[in-house]
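Work through the exercises below with the sequence and the coordinates open. Each has a task sentence and a solution in steps.

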Amino acid sequence: MSPAALLRRFGPLLGLLALCAVLGTLSDHFLTFDNLINVFRQSAVNALLSLGQLVVIITAGIDLSVGSILGLSCVLVALLLKAGVPPALAVLAALGIGGALGSVNGLLLTKLHLPHPFIPTLGMMNVARGLALVICGGFPISELPSSFRFWGAGSVGWIPAPVIVVVVFCVVFHVFLTRTTVGRDIYAIGGNPQAALLSGVPVDARLILVYALSGVTAAAGAIVLAGRMNSGFPLAGMGSELDSIAAVIIGGASFFGGVGTVGGTLVGALIMGVLRNGLNLMNVSAYWQTVVIGVVIVAAVWVDVVRKRAAEKGRAAVN
Amino acid sequence: MKPSAQLLELRGISKWFSGVRVLEGVDFEVRAAEVHALVGENGAGKSTLMNVVSGIVAADAGQMLWEGQPVRLRSPREAQDLGITFVHQELALAPQLSAAENIFLGRHPAGGGWVRWREIYDRARELLSGLGHTIDARRLVADLSLAERQLVEIARALAFRARLIIMDEPTAPLAEQDAEGLFRTIRNLRERGVSVIFISHRLKEIFQVADRVTVLRDGKRVLTTEVASASVDGLVRAMVGTELSAHVAPEAAAGVAGEEAIRVEGPVRFAVRRGEVVGFAGLAGAGRTELLEWLFGVGKQAGQIFVNGRPVKVRRPLDAIRHGMALVPDDRKAKGLVLGATLHQNIALASGRRRWFIRAARERQAAGQLLADLRIKAAGLDQRVLYLSGGNQQKAVLAKWLYAGARVFLLDEPTRGIDVRSKAEIYDLVRGLASRGAAVLLASSELDELLRLADRIVVMHRGRIAGELVRAEATEERIMQLATGGVQ
């Protein structure tokens, strides 16, 4: 692999390691086992949302509704549990609801020929959040069964359950994107939808699937979050759509589509988690944390742009 | 100084684009109050010449005189200030503004920073009715027909006191009766002393509307004559060049055609057998691309397709692919390839859709073989196609369909913009496909290419089949006559 390709592949990872090294020297507590486990646990929800967001962004789309789908799923799963539905069934139902809401995004995009995924997902962002508030009257639904809380707060040995969930999802998404024909279709749609269509890719069906997957990961995030907080609360996931977009972009995906990996996205989510955690440890106020995250997002994409330009210049010199 | 009878004179205009000569020492004159037709095959240099006249591109050599005075245009604006307006094929109007606003776009009559709307509407009405038409100047351009939009463009030119209006194939998108209306407008312009340069592929129209006609071929002027003393045959000969007319394809591998592979019935009817290459000729906009894309499931069904004698429904490209069809589109970058993806990904894209998991090893082996067979020059299967030359990109599109096992090839301008060597290799490939039993539909604007490769040539004109020529009787003249609607 060429140096440029290596850098593209492992650039975000190098960034993450450098960040950890810096935070390790600034704070004694950062590089402790307990804290790192804590970072993983805290990053789990964003990582899950980012996986769905990644698949959407590979098609050159965007999903603004993941935070709200998380909120609605969160409330619905809590209601189901309160109604006495067995936790396993409630979890499956929540994933199904997330997938259904996501596929509505896809259907609106492809069948109503809305001009950009921004529109249907912006609509869904408001509708789902509003429904979440309507359903529970704005109040959280607390005290959930302990077997359900396992998904957010439990652990197997020293490994937190949310981390296991994230790993399973990562493996499935990685295999899906790199080893299946449908995954290849998704990259092709992002690269050139016209050429994909003329090569027999059922573009509309793939897009509907992509948004459905994003809904499923949002619901998975809801299950983890509700478990951790021991509550289904309607404002869950407020603003988390932007965190997931940030993680995907920091992880090396392109808004223009056709590019992006599960590994990069996971690293992107961890960079954001590590940054928040490290700044907390150093007693930086939440207000300043927001400022730093904003700078990191722009800087990460800028580095990518610089790298791409250098690569193109190198190529122009060769030709 | 006394105004010259010549409004516009070009002397020895030459132009190169990246080393290719597109105009060579062209002389061209337009008299005051004259309708001057400009004709030539695709690529003869008409558009470039008109771009020089309208200040869009600068000539590399030669001189331009306006009313006898030498002028040097540096921008379309300068041409407009002289009184030269170009009415493009794709009209340059703002659809969400009214006809009147479009007429004065960028030069609203204004006073003290306020737009004088009453004056705009009054003057727009005057201009439009002066052209002999009644269009409500307040209507949005989006709600106007194509013919009406052209009138708005012409009114706009007059509002800028145009003395010379260039119309690039204005009748191409128009229905017959709208074209008649446009001719009346053109005659009306001439009576008011405005000159018109009229570019058209339809030779008959020239005899209806023009005073003189100039023929370009390969960037040179070959003929300027009074229309009254010209004939369709004479113009076609001048466009094609007589020395070419006797040219017979040497590689005429008279294909041993097998059973019928594909047949179409409807507004357009034809059939192609296995082992046969059928050429589709026609001028720009004759409907060749639309026909091939329609066969491939893009756009509305406009007839019945039969594959291997059985009627099939093709609602989307995937259906066409399942019936063994392959489309090599006219624009490989926009429609043929995922430029940012690798050769491997592009070659495999059209196949294997019936299974879930990618068989990477098998794919790489087959794709590697195709790379060698088609002599695709690349660093390897993982090279992104973005960085391949045009010829190699086109071969990659073909490789995709060979890998998918296509039996009916729809080739739309397969050699457009590629180097001579790749062109020859693609010719070999096309003949090779046919000799191995594939059916090939080859749409091309290069008559030479059709005469070399095709067993039969279907000539299209305005979306219809104007005629069909078997290889023995096909000549450039016969094709051009049919393509220009000159003869039945």
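The exercises concern a predicted model, and they go from the chain interface to domains, salt bridges and single residues.

**Exercise 1. The interface of chain A and chain B**

Task: State how many residues the contact takes from chain A and from chain B, and what area the chains bury between them.

Solution.
Step 1. Count the residues on each side: chain A gives 23 residues to the contact and chain B gives 29 residues.
Step 2. Take the area. The size of an interface is often given as the accessible area lost when the parts come together. For chain A and chain B this is about 2,000 Å², with 61% of it on carbon and sulfur atoms.
Step 3. Find the main contributors in chain A. R184(A), L198(A) and S199(A) lose the most area to chain B, and together they make up 34% of what that side buries.

**Exercise 2. Polar pairs and elements at the same interface**

Task: Find the salt bridge across the interface of chain A and chain B, and identify the elements of chain A that give two or more residues to the side touching chain B.

Solution.
Step 1. Apply the salt-bridge rule across the interface; the result is 1 salt bridge.
Step 2. Name the partners: the side chains of R184(A) and E363(B) meet in a salt bridge, at 2.7 Å from N to O.
Step 3. Count polar contacts. Across the interface there are 8 residue pairs in polar contact, both residues being at pLDDT 80 or more.
Step 4. Assign the chain A side to elements. Two or more residues come from each of α7 (161-179), α8 (181-191), α9 (193-198) and α13 (286-318) of chain A. Of these, α8(A) gives the most, with 6 residues.
Step 5. Sort the residues of that side by class: 9 are nonpolar, 8 polar and 6 charged.

**Exercise 3. The two domains of chain B**

Task: Describe the contact between domain 1 and domain 2 of chain B.

Solution.
Step 1. Set the bounds. The domain assignment gives domain 1 of chain B as 6-245 and domain 2 of chain B as 260-483.
Step 2. Take the separation: the C-alpha centres of the two domains lie 36 Å apart.
Step 3. Count the contact residues, which are 15 from domain 1 of chain B and 11 from domain 2 of chain B.
Step 4. Take the area. The two domains bury about 1,200 Å² between them, 54% of it on carbon and sulfur atoms.
Step 5. Count polar pairs. There are 0 salt bridges between the domains, and 1 residue pair is in polar contact, with both residues at pLDDT 80 or more.
Step 6. Assign the domain 1 side to elements. α8 (232-240) and α9 (242-245) of chain B each supply at least two residues, and the largest share, 5 residues, comes from α8(B).
Step 7. Sort the residues of the domain 1 side: 6 nonpolar, 4 polar and 5 charged.

**Exercise 4. Salt bridges within chain B**

Task: For the salt bridges of R163(B) with E67(B) and K335(B) with E293(B), give the atom distance and the place of each partner in the chain.

Solution.
Step 1. Start from the total: a search of the whole structure finds 33 salt bridges over all chains.
Step 2. Take the pair R163(B) and E67(B), whose closest N and O atoms are 3.0 Å apart. R163(B) is in the loop between α5 (146-159) and β9 (164-168) of chain B and E67(B) in the loop between β4 (61-66) and β5 (69-71), so the pair ties together parts 96 residues apart in sequence.
Step 3. Classify the partners. R163(B) is partly exposed at 31% relative accessibility, and E67(B) is partly exposed at 25%.
Step 4. Take the pair K335(B) and E293(B), with closest N and O atoms 2.7 Å apart. K335(B) is in helix α12 (residues 332-336) of chain B and E293(B) in helix α10 (residues 288-295), 42 residues apart. Both K335(B) and E293(B) are buried.

**Exercise 5. Two loop residues**

Task: Are L388(B) and S65(A) buried or exposed, and what is each in contact with?

Solution.
Step 1. Locate L388(B): it lies in the loop between α14 (360-373) and α15 (390-403) of chain B.
Step 2. Apply the cut-off. Buried means under 20% relative accessible area. L388(B) has 8%, so it is buried.
Step 3. List its contacts. Leaving aside neighbours within four places in sequence, L388(B) is in contact with L343(B), K377(B), A378(B), Q383(B) and Q393(B).
Step 4. Locate S65(A), which is in the loop between α2 (33-58) and α3 (66-82) of chain A. At 0% relative accessibility, S65(A) is buried.
Step 5. With the same neighbours left aside, within four places in sequence, S65(A) is in contact with N105(A), T121(A), M124(A) and M125(A).

Definitions and conventions
Residues numbered from 1 in each chain as written. Chains lettered and ligands numbered in written order. Predicted model: local features only at pLDDT ≥ 70, side-chain atom pairs only at ≥ 80, totals over all residues. Heavy atoms only, no water. Contact = heavy atoms within 4.5 Å. Buried area = accessible area lost by both parts, 1.4 Å probe. Salt bridge = Lys/Arg side-chain N within 4 Å of Asp/Glu carboxyl O. Polar contact = N/O pair within 3.5 Å; in protein donor to acceptor, adjacent residues only side chain to side chain. Helix = DSSP H or I, 4+ residues; strand = E, 2+ residues; numbered from the N terminus. Nonpolar A, V, L, I, M, F, W, Y, C, P; charged D, E, K, R; others polar. Buried < 20%, exposed > 50% of the residue type's maximum accessible area, 1.4 Å probe, protein only. Domains from an automatic or database assignment.
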